[in-house]
Amino acid sequence: MKLNLLSCDAQRPDKRAITKCIAEISSNMNSSLSYELTEILLEGDPVDIEVEDKNSGSALRALRKLSIDYEIID
């Protein structure tokens, strides 16, 4: 499943937690790439990631917990 991460609405976003979350839910992503994507997301630009279908439910819950708005692409 592909997700488009649109924005983070948290008052004070936790970069480390967002980076860790993106690295854990994404398929084939290392920590340095997830850090770069976190920076892009927090600057206000959307980010596309791919999530394995078996982890999709927990991935969406984790994103909502971090106040990250997303849309499901496929």
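Does Cys8 count as buried or exposed, and what is its relative accessibility? At 17% relative accessibility, Cys8 counts as buried. The tour of this predicted model begins at that residue and proceeds through the sheet, the first helix and the nonpolar core.

**Stop 1: the cysteines**

Select Cys8 and Cys21 and display their side chains. The cysteine sulfur closest to that of Cys8 belongs to Cys21 and lies 10 Å away, which is too far for a bond. Cys21, for its part, is in no disulfide. A disulfide requires two cysteine sulfur atoms within 2.5 Å, and the count for this model comes to 0 disulfides. Cys21 is also buried, with a relative accessible area of 7%.

**Stop 2: the sheet**

Select residues 2-8 for strand β1, then 47-50 for β2 and 68-72 for β3. These 3 strands form an open, antiparallel sheet in the order β2-β1-β3. β2 and β3 stand at the edges with a single partner strand each, so one side of each has no neighbour in the sheet. On average, neighbouring strands are turned by 35° against each other, direction ignored.

Next, examine the two pairings separately. β1 pairs with β2 over 4 antiparallel bridges. Within this pairing, Asn4 stands opposite Asp48, and Leu5 has Val47 as its bridge partner. β1 and β3 are joined in the antiparallel sense over 5 bridges. Here the bridge partner of Ser7 is Asp69 in β3.

**Stop 3: Asn4**

Select Asn4, which is found in strand β1. Asn4 is buried, at a relative accessible area of 11%. Display its surroundings: leaving aside neighbours within four places in sequence, Asn4 is in contact with Pro46, Val47, Asp48, Asp69, Tyr70, Glu71 and Ile73. One of these contacts merits a distance label: Asn4 and Ile73 are 69 residues apart in sequence, yet 6.6 Å apart from C-alpha to C-alpha.

**Stop 4: helix α1**

Which residues of α1 are buried? Select Ile18, Thr19, Cys21, Ile22 and Ile25, all of which are buried in α1. They cover an arc of only 165° around the axis and therefore lie on the same side of α1. Colour Arg16, Lys20 and Glu24 in contrast: they are exposed, on the other side of the helix.

With the buried residues of α1 still selected, add the elements they pack against: β1, α2 (31-42), β2, α3 (56-65) and β3.

**Stop 5: the nonpolar core**

In soluble globular proteins, nonpolar side chains tend to be buried together. The largest nonpolar core of this model has 19 residues, of which Leu3, Leu5, Ile25, Ile49, Leu63 and Ile68 touch the most other members. Two or more residues of this core come from each of β1, α1, α2, β2 and α3. The largest share, 4 residues, comes from α1.

Finish at Ile49. Which residues is Ile49 in contact with, leaving aside its neighbours within four places in sequence? They are Met1, Lys2, Leu3, Leu5, Ile22, Ile25, Ser26, Met29 and Leu37. Among them, Leu3, Leu5 and Ile25 are also listed with Ile49 as core residues that touch the most other members, while Ile22 was seen earlier as a buried residue of α1.

Technical notes: Residues numbered from 1 in each chain as written. Predicted model: local features only at pLDDT ≥ 70, side-chain atom pairs only at ≥ 80, totals over all residues. Heavy atoms only, no water. Buried < 20%, exposed > 50% of the residue type's maximum accessible area, 1.4 Å probe, protein only. Pairing = 2+ DSSP bridges. Axes fitted to C-alpha atoms, helices over the stretch in contact; angles between N-to-C directions. Contact = heavy atoms within 4.5 Å. Arc of directions from axis to C-beta. Core = buried A, V, L, I, M, F, W, Y, C linked by side-chain atoms within 4.5 Å.
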